[in-house]
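Q: Please give a close reading of one part of this model, working from its overall arrangement down to individual residues. Please then place that part beside other packed elements of the protein.

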Amino acid sequence: MNIRLLLLLSNFFSVAALFGQAQDSLLQLLQRQVRELKVQRSQDSLKVNMLSQELQALLLLDTKYADTSKDSLYEKQRQEEIKRIYSKANGAPVCLEKDTLYTLYTSLGLYSPLERSEYTEKKLQKLAELPTFKHDSLKIQSHDNLLMITYQGEWIQAVTKEDAIMAHLSQEELAKSLQRDILKGVTHYRKEHSMQQKLMRIGELVLLVMVIVTFFYLLNFLFRKLRKQLLKQSFLGNGIKVKNYQILDKEKINYILTRILYLVKFLIFFIVIFLSIPVALKLFPYTQLWAERLLKLLLEPLSQVGNAIVDYLPNLVIIGIIALIARLVLNLMRFFLYEIERGALKIKGFYKEWAKPTYKMVRILFLCFIFIVIFPYLPGSGSSAFQGVSIFLGLLISLGSSSTISNGMAGIFITYMRAFRENDWIKVGDYIGMVIHKDSLVTRLKTINNEEVTVPNSMILSSSTMNFSSMGRTNGLVVTTQVKVRYDARLEDVDATLIAAAQATKGVTDKITPYIYHISLNELNATYEINAVTFEPQNMYIIKSDLIKNIYNAFRERNIELTSIEYVELRKYEKV
């Protein structure tokens with residue numbers, strides 16, 4: 001306590017010299033701290049005095065009832081009083097190089113138990129470091145009401161009657177017990193710090209290093225052998241292949257295997273070295289504290305991780321059960337929708353092409369529901385950091401995926417509208433092509449020129465779509481083209497020529513006769529439209545091209561002039 005007071009006063013003077021402007025405020029602060037220390041010391045002294053008075057009263061009680069010490073009631077009261085005083089006392093351990101020899105609970109005059117302990121420790125350290133130590137010189141001497149443990153006349157430890165009461169022993173028995181503890185502690189200290197022990201520890205350290213080096217050499221040898229044996233295996237020597245696809249060849253496997261073995265070997269090296277360092281530090285008394293701290297540095301995190309895993313096992317079992325039930329439900333849904341897709345199970349109003357997208361949509365919703373159920377059982381789900389990250393991700397998704405969500409909803413509507421299917425020829429806006437892929441976000445078309453066009457589903461939903469294949473496969477698709485013929489050709493000849501050209505076109509069905517529309521009468525020619533029916537909408541461009549070619553050849557064979565040019569006749573006017 002006095003040391004702390006002196007330190008505070010010295011700090012005051014140094015601060016006052018450096019910072020003159022803040023002298024008054026610092027002085028008041030230090031004075032307040034000094035007053036608090038004095039009050040604390042007064043309280044400690046008062047507590048020690050009260051305990052000493054209680055012990056003195058207990059001694060007087062022993063003297064008063066010396067003849068009735070065998071009375072069981074008195075003994076019971078005495079033991080309860082000792083326990084009460086013992087519970088209020090703060091013990092001060094007496095240690096010699098981290099080894100606790102015994103504990104002091106009572107004060108001696110103005111010296112508190114802690115001050116007595118510090119005094120004894122200094123004496124014991126000095127005694128243990130003497131060049132020679134004689135066991136017989138450690139004696140017990142009587143001085144007034146105290147028993148003193150001395151070495152060659154120098155006081156080491158005083159034993160009071162209060163100490164004896166607290167230890168439930170007589171004063172002589174306690175003195176002998178403390179003498180044995182001191183003798184044992186000093187002997188053990190001198191033995192541990194002897195030259196013989198130092199040489200033995202150095203030898204043990206050298207042996208430990210040799211063992212570690214030998215272990216590393218053998219470990220390297222075993223890993224080299226293991227790598228060679230693994231590469232000799234047929235399934236690794238020829239690489240990894242699934243059917244006709246070579247996933248990993250021999251060189252890649254060799255590289256991956258070498259890296260894995262190197263990582264495992266490095267991990268073993270690290271563990272061995274990390275565990276060997278505390279063992280080496282424990283060989284020497286001065287470094288044993290470092291060894292304990294190093295082991296604590298490694299074992300405490302591992303212990304915390306292990307305890308966390310053990311505590312989390314019930315939640316993990318619950319998550320496993322929920323995941324198993326979810327998998328069974330998904331398998332059941334997939335089975336029924338597969339049966340609908342292949343036509344084995346029919347539900348009125350539910351089409352086969354709806355099976356796969358319905359399964360995907362229901363699967364996503366079901367997995368979201370399962371995640372909501374599992375979320376409270378996830379580690380750290382209740383922490384503020386986890387909740388903050390969840391809110392941030394939700395905000396990021398909601399702000400950055402508005403177009404994605406609109407396309408996804410449009411994809412769902414398009415699926416259940418049955419506007420088109422894959423391999424259908426459709427027209428969306430200015431694009432005409434065959435549907436080669438359709439998902440929840442976009443639809444991909446392949447044009448007649450082998451161009452791939454990606455159309456967002458939201459665009460398809462917001463505009464009109466023309467499907468050439470939906471009715472063309474069953475009722476037929478009409479392929480049309482228009483021609484202009486001068487009035488000098490007979491109407492019947494033109495109609496017969498157009499019909500003949502259409503019937504000669506490959507892909508035009510003979511079940512439905514081609515028909516002609518007379519579109520308009522122009523100044524110098526008439527417009528005709530030939531309509532031919534085909535059940536091959538995927539070939540409509542080729543059929544139309546062949547139809548035009550056949551019309552051209554047929555008209556030339558029959559000497560009918562095709563024209564789309566408006567003739568302008570220029571006349572010369574004579575001046576009258």
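A: The answer begins with the protein as a whole, turns to one sheet in detail, and then considers other elements.

The model is a predicted one. The protein contains 16 helices and 15 strands, and 29% of its 576 residues count as buried. Among contacts with a separation of 6 or more, 59% are made by residues 24 or more positions apart.

The part chosen for the close look is an open sheet of three strands in the order β13-β15-β14, paired in the antiparallel sense. Its edge strands are β13 (477-486) and β14, each of which pairs on one side only. From one strand to the next, the twist averages 25 degrees. Six bridges connect β14 with β15, again antiparallel; within this pairing, histidine 518 has tyrosine 528 of β15 as its bridge partner. Helix α15 (residues 491-503) packs on the sheet and touches β13, β14 and β15, its direction making about 30 degrees with that of β15. Helix α16 (residues 540-557) also packs on the sheet, where it touches β13 and β15, and its direction makes about 25 degrees with that of β13.

Two residues of this sheet may be examined individually. Threonine 534 belongs to strand β15, which spans residues 525-534. Is threonine 534 buried or exposed? Its relative accessibility is 0%, and it therefore counts as buried, the cut-off for that class being under 20%. The side chain of threonine 534 reaches the backbone nitrogen of glutamate 536 at 3.1 Å. Beyond its neighbours within four places in sequence, threonine 534 is in contact with Gly472, Gly476, Leu477, Val479, Gly507, Thr509 and Ile543. Of these partners, Leu477 and Val479 fall within the range of β13, while Ile543 falls within that of α16.

Isoleucine 519 is located in strand β14, residues 515-521. With a relative accessibility of 41%, isoleucine 519 counts as partly exposed, a class that lies between the 20% and 50% limits. When residues up to four places away in sequence are not counted, isoleucine 519 touches Gln482, Thr527, Tyr528 and Glu529. Isoleucine 519 and valine 483 stand 36 residues apart in sequence, and their C-alpha atoms are 9.7 Å apart in space.

A second three-stranded sheet can be set beside this one. It is open, has the order β3-β4-β5, and is paired in the antiparallel sense. The edge strands here are β3 (138-143) and β5 (154-159), each pairing on one side only, and the twist averages 30 degrees from one strand to the next. Strand β4 (residues 146-151) joins β5 over five antiparallel bridges, and leucine 147 stands opposite valine 159 in β5. Helix α4 (residues 113-128) packs on this sheet, touching β4 and β5, with a direction at about 140 degrees to that of β5. Helix α6 (residues 171-192) packs on it as well, touching β3, β4 and β5, with a direction at about 20 degrees to that of β4.

Another strand pairing involves β1 and β2. Strand β1 (residues 92-96) is joined by five bridges to strand β2 (residues 99-104), and the two run antiparallel. Leucine 96 stands opposite aspartate 99 in β2. The two strands form a hairpin with two residues between them, and glutamate 97 in the turn has a positive phi of about 50 degrees. Strand β1 has a covered face made up of Ala92, Val94 and Leu96, and an uncovered face made up of Pro93 and Cys95.

Finally, there is packing between helices. Two packed helices are described by the angle between their axes and the distance between the axes. Helix α10 (residues 288-341) and helix α11 (residues 355-374) pack at about 170 degrees, with axes 10 Å apart. At that angle, α10 is roughly antiparallel to α11, because angles over 145 degrees count as such. The residues that meet include Ile319, Ile322, Val329 and Leu337 from α10, and Tyr359, Val362, Phe366 and Ile370 from α11. Taken together, the residues of this contact divide into 16 nonpolar, one polar and four charged.

Notes:
Residues numbered from 1 in each chain as written. Predicted model: local features only at pLDDT ≥ 70, side-chain atom pairs only at ≥ 80, totals over all residues. Heavy atoms only, no water. Helix = DSSP H or I, 4+ residues; strand = E, 2+ residues; numbered from the N terminus. Buried < 20%, exposed > 50% of the residue type's maximum accessible area, 1.4 Å probe, protein only. Polar contact = N/O pair within 3.5 Å; in protein donor to acceptor, adjacent residues only side chain to side chain. Contact = heavy atoms within 4.5 Å. Axes fitted to C-alpha atoms, helices over the stretch in contact; angles between N-to-C directions. Parallel < 35°, antiparallel > 145°, perpendicular 65-115°, else oblique. Nonpolar A, V, L, I, M, F, W, Y, C, P; charged D, E, K, R; others polar. Pairing = 2+ DSSP bridges.
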